[in-house]
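Open the structure in your viewer and keep the selection box handy. We'll go stop by stop, with something to pick at each one.

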Amino acid sequence: MKRLESKVCIVTGAAHGIGRAIAERFAAEGAWVLLVDVDQSSGEAAVSGIAAAGGLAQFVQTDVSATEQIERAVKVAKEQRRQIDVLVNNAAYFGDGNDALEATEDEWDRTYAVNLKGAALFTKAVLPSMLERKNGSIINIASIQGLVAGRLSVAYTSMKHGLIGLTRSTALDFGPHGIRANAICPGPIRTRISPPDGTPLHQRQVSKTMLARTGEPSEVAWAALFLASDESSYVTGAVMPVDGGWSAF
Ligand SMILES: NC(=O)c1ccc[n+]([C@@H]2O[C@H](COP(=O)([O-])OP(=O)(O)OC[C@H]3O[C@@H](n4cnc5c(N)ncnc54)[C@H](O)[C@@H]3O)[C@@H](O)[C@H]2O)c1
């Protein structure tokens, strides 16, 4: 039996990078996956790739900062499959790279709307379905910048710290109802936002890991698979670095 057989999963920010790798892994493990993203063409391409590999998936264009779009995406999942087992809050806005002196009100607002409020409102939208069945797994993709500071990214770092608070609060409030919430904190993972190999920033990232390399989106997806599956049935409120050891030294 596949590890997510008959589970219904929603992954936000699933058109690219880590979210796409998670959606692909979940589908390969037998889940029906709803991919949501603002990028329609890449989201649909991701779904086609999953279908070509024999998986079950659908795409709904959704901006996670818009409540009505979140509700529409959840409605699609409920209409298609009648239940929601797993939510992965992965979509993120990376901001302009500013310190507390330079960050604009717009940067704060947009970073909050996508990275923290978007995750909170998506959580709110799936909780009724999870409560009905007294079962569910919510996985928030935070960052090592949810644990430690990162240079010139005050708004992003603040929201990733907040996402860990959202994770723990949700785990505490809904644990008695069989709903688990956990956070993954990726370190430097090779996606379209990463510095190119060999650049000074890439070398700096490599030097901060114990494994002396950056990670791949698929390596985050394996951690998400564990947290989505029943294998992690006694794991909640956990904050799991997938960072090559960055946060441990
Ligand atoms: N790549 C890294 O090194 C790294 C490190 C730590 C944490 N992370 C986290 O991993 C997650 C994925 O990052 P990634 O590197 O794959 O980036 P990415 O840019 O490749 O993917 C992010 C996805 O989110 C989507 N998105 C952006 N705003 C959205 C919105 N408002 N509504 C819906 N979708 C939206 C984008 O279209 C994109 O598909 C993010 O939460 C990021 O903070 C990444």
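Here is a walk from the ligand to the core, then along some helices and loops. Keep in mind that this is a predicted model.

**Stop 1: the ligand**

Start by selecting the ligand and whatever surrounds it. You should end up with 28 residues, the closest being Gly 13, Gly 17, Ala 92, Ser 143 and Thr 191. Colour that shell by class and you'll get 13 nonpolar, 11 polar and four charged residues. Which helix gives the most to this shell? That's α1, residues 17–28, with three residues.

**Stop 2: the core**

Hide the ligand and look for the nonpolar residues inside. In soluble globular proteins, nonpolar side chains tend to be buried together. Here the largest nonpolar core has 70 residues. To find the members with the most contacts inside this core, select Cys 9, Ile 10, Ala 23, Val 33, Leu 35 and Ala 224.

Now zoom in on Val 33. Leaving aside neighbours within four places in sequence, Val 33 is in contact with Cys 9, Val 11, Ala 23, Phe 26, Ala 27, Ile 50, Leu 56 and Ala 57. Keep Ile 50 in mind, since this residue is also one of the buried residues of α2.

**Stop 3: helix α2**

Select residues 40–52, which make up α2. Put a distance between the end C-alpha atoms and you'll get 18 Å, which agrees with what 13 residues should span at 1.5 Å a residue.

Which residues of α2 are buried? Pick Gly 43, Ala 46, Val 47 and Ile 50. They cover an arc of only 95° around the axis, which puts them on the same side of α2. The spacing fits a general rule: an α-helix has 3.6 residues a turn, so residues three or four places apart point the same way.

Among the elements covering that buried side are α1, β2 and β3. Spin the helix round, and the face turned away from the buried side shows you the exposed residues Ser 41, Ser 48 and Ala 52. Before leaving, click on Gly 54, which follows α2 and has a positive phi, near 95°.

**Stop 4: helix α3**

Next, select residues 67–81 for α3, a helix of 15 residues. From its first C-alpha to its last α3 reaches 21 Å, close to the 21 Å expected at 1.5 Å a residue.

Show the side chains of Ile 70, Ala 73, Val 74 and Ala 77, the buried residues of α3. Look down the axis of α3 and these fall within an arc of 95°, so they line one face of the helix. What do they pack against? Bring up β1 (8–12), β2 (32–37), β3 (56–61) and α4 (105–133). On the face turned away from the buried side, pick out the exposed residues Glu 68, Lys 75 and Glu 79. Just after α3, Arg 82 takes a positive phi of about 70°.

**Stop 5: Lys 117**

Staying with α4, click on Lys 117, which has its place in that helix. Buried, exposed or something in between? Lys 117 counts as partly exposed, because 18 C-beta neighbours lie inside 10 Å. Not counting residues up to four places away in sequence, Lys 117 touches Ser 65 and Tyr 112. Draw a distance to Leu 166 as well: the two C-alpha atoms are separated by 9.7 Å, with these positions 49 residues apart along the chain.

**Stop 6: loops with positive phi**

Most residues other than glycine have a negative phi. Against that background, select Leu 152, which has a positive phi of about 50° although it is not a glycine. You'll find Leu 152 in the loop between β5 (136–141) and α5 (154–174). With 13 other C-beta atoms within 10 Å, Leu 152 is partly exposed.

Then jump to the loop between α6 and α7, where Ala 212 lies. Phi of Ala 212 is near 55°, again a positive value in a residue other than glycine. Ala 212 counts as exposed, with 10 C-beta neighbours inside 10 Å.

**Last stop: Leu 211**

Leu 211 is found in that loop between α6 (200–207) and α7 (217–228) too, and is exposed, with 12 other C-beta atoms within 10 Å. Leaving out residues up to four places away in sequence, Leu 211 touches Gly 244 and Gly 245. Finish with one more distance: the C-alpha atoms of Leu 211 and Gly 245 are separated by 6.9 Å, though these residues are 34 residues apart along the chain.

How values were computed. Residues are numbered from 1 along each chain as its sequence is written. This is a predicted model: local features need pLDDT of at least 70, side-chain atom pairs count only at pLDDT 80 or more; totals for chains, interfaces and linings use all residues. A residue is near a molecule or strand if its C-beta atom, placed from the backbone, lies within 6 Å of it. Helices (H or I, at least four residues) and strands (E, at least two) are DSSP runs, numbered from the N terminus. Ala, Val, Leu, Ile, Met, Phe, Trp, Tyr, Cys and Pro count as nonpolar, Asp, Glu, Lys and Arg as charged, and the others, Gly among them, as polar. A nonpolar core is a set of buried Ala, Val, Leu, Ile, Met, Phe, Trp, Tyr and Cys residues joined through C-beta atoms within 7 Å. A residue is buried if 20 or more other C-beta atoms lie within 10 Å of its own, exposed if 12 or fewer, and partly exposed in between; C-beta atoms are placed from the backbone. Two residues are in contact if their C-beta atoms, placed from the backbone, lie within 7 Å. The expected span of a helix is 1.5 Å times one less than its number of residues. The arc is that of the directions from the helix axis to the C-beta atoms.
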